[in-house]
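Please look at the sequence and the structure below. The report after them describes the sheet, one helix, the core, the ligand shell and a few loop residues.

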Amino acid sequence: MSKILTIGAHGGIGRLFCQKAEEAGLSIRAMVRIEEQQAHFEAQGIEAVLGDLEAEFSHAFEGCDQVVFTAGSGGSTGGDKTLLVDLYGAIRSIRESEERGVGHFVMVSALRVEKPLEAPPAMRHYMVAKLLADQHLFESTLRSTILRPGRLTNQAGSGRVRTKTEGQGSEISRENVADCIVEALRHPSASNRVVDLLDGDVPIEKVFAGG
Ligand SMILES: NC(=O)c1ccc[n+]([C@@H]2O[C@H](COP(=O)([O-])OP(=O)(O)OC[C@H]3O[C@@H](n4cnc5c(N)ncnc54)[C@H](OP(=O)(O)O)[C@@H]3O)[C@@H](O)[C@H]2O)c1
């Protein structure tokens, strides 16, 4: 059975994704930084392993054939962590996946990373980090799905999104993103795929059904 390593498993999207993946019968391994978080997952019957993107974490990949990267240094840390986690942590995860022969890598990126200079000044370094991580993935030997959500909210998921950025709204719920990850894993694209994501009207299954 396919085993999916989830990096950033205890984050807002990560927790929702792990719960949904478990309910959907997918076999996952949650990578977390502290023992309390490991216990949280194990109490739900989800395998969990300790690993830090700023240290050694290659052991977490053992036996996994798909990887979800939804880690991030967050807005309350400095640019140093953006470099170490969002950029270098992502690149190291991609390299490790290549070495291990991982079959599919799902990256949670961000909307409009391809135009970092159009972002508000305080966000530009973050956008550059995400863009370079995406480019590294795209140029790797891995089959990949890059999800680029807009501003994340904690609204309940609607199960419906849009993949075109024209129109009203620049947000998407974390729950909708978590559902998109599940569908992307169920329907790995035949080649590399980049999907912009906002809350919308299209059922999530329909977006990913074609692979
Ligand atoms: N916020 C937005 O509006 C927005 C928009 C588009 C895309 N995104 C992207 O969406 C993704 C997930 O968002 P979210 O709201 O779920 O984020 P989140 O709640 O901040 O979760 C991020 C997770 O990354 C983990 N992490 C941080 N540093 C780590 C390290 N050194 N090693 C291992 N794990 C580490 C954190 O671990 P701890 O639990 O131990 O802190 C946390 O569980 C991020 O990649 C973010 O860049 C965000």
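Strand β6 (residues 144-149) and strand β10 (residues 193-199) run parallel and are joined by 5 bridges. Strands pair if DSSP finds at least two bridges between them. Helices (H or I, at least four residues) and strands (E, at least two) are DSSP runs, numbered from the N terminus. The model is predicted: local features need pLDDT of at least 70, side-chain atom pairs count only at pLDDT 80 or more, and totals for chains, interfaces and linings use all residues. Residues are numbered from 1 along each chain as its sequence is written.

Within the pairing of β6 and β10, Thr145 has Arg193 of β10 as its bridge partner. β10 also pairs with strand β8 (residues 160-162), here in the antiparallel sense and over 2 bridges. In that pairing, Val161 has Asp199 of β10 as its bridge partner.

These strands belong to an open sheet of 9 strands with mixed pairing, in the order β3-β2-β1-β4-β5-β6-β10-β8-β11. β3 (47-50) and β11 (202-203) stand at the edges with a single partner strand each, so one side of each has no neighbour in the sheet. Strands of a sheet pair through backbone hydrogen bonds, either parallel or antiparallel. The table lists four pairings of this sheet.

| Strands | Sense | Bridges | Residues opposite each other |
|---|---|---|---|
| β6 and β10 | parallel | 5 bridges | Thr145 and Arg193 |
| β8 and β10 | antiparallel | 2 bridges | Val161 and Asp199 |
| β4 and β5 | parallel | 4 bridges | Phe69 and Met107 |
| β2 and β3 | parallel | 4 bridges | Arg29 and Glu47 |

How much of β5 is buried? A residue is buried if 20 or more other C-beta atoms lie within 10 Å of its own, exposed if 12 or fewer, and partly exposed in between, with C-beta atoms placed from the backbone. In β5, 4 of the 5 residues are buried, so this strand is largely enclosed by the rest of the structure.

The next element is helix α1. α1 has 12 residues and spans 17 Å from its first C-alpha to its last, close to the expected 16 Å. The expected span of a helix is 1.5 Å times one less than its number of residues. Its buried residues are Ile13, Gly14, Arg15, Leu16, Phe17, Cys18 and Ala21. These buried residues pack against β1 (3-7), β2 (27-32), α2 (35-43), β4 (66-69), β5 (104-108) and α5 (174-186). After α1 comes Gly25, with a positive phi near 85°.

Phe17 of α1 also appears in the core. The largest nonpolar core has 57 residues, and Phe17, Met107, Leu147, Val177 and Ile181 have the most contacts inside it. A nonpolar core is a set of buried Ala, Val, Leu, Ile, Met, Phe, Trp, Tyr and Cys residues joined through C-beta atoms within 7 Å. α5 gives the most to this core, with 7 residues. In soluble globular proteins, nonpolar side chains tend to be buried together. Leaving aside neighbours within four places in sequence, Val177 is in contact (C-beta atoms, placed from the backbone, within 7 Å) with Ile13, Val108, Leu147, Pro149, Leu152, Ile172 and Leu197.

Which residues are the closest to the ligand? Of the 23 residues that surround the ligand, the closest are Gly11, Gly12, Leu53, Ala71 and Gly72. A residue counts as near the ligand if its C-beta atom, placed from the backbone, lies within 6 Å of it. The elements that give two or more residues to this shell are α1 (12-23), α3 (79-100) and β7 (151-153). The largest share, 3 residues, comes from α1. By type, the shell has 8 nonpolar, 10 polar and 5 charged residues. Ala, Val, Leu, Ile, Met, Phe, Trp, Tyr, Cys and Pro count as nonpolar, Asp, Glu, Lys and Arg as charged, and the others, Gly among them, as polar.

Three loop residues remain. Thr70 lies in the loop between β4 and α3. Thr70 counts as buried because it has 25 C-beta neighbours inside 10 Å. Leaving aside neighbours within four places in sequence, its contacts include Gly11, Ile13 and Phe17.

Asp52 is in the loop between β3 and β4 and is partly exposed, with 14 C-beta neighbours inside 10 Å. Asp52 and Arg33 are 19 residues apart along the chain, and their C-alpha atoms are separated by 5.6 Å.

Arg112 lies in the loop between β5 and α4 (124-138). Arg112 has a positive phi of about 65° although it is not a glycine. Most residues other than glycine have a negative phi.

Key: Contact = placed C-beta atoms within 7 Å.
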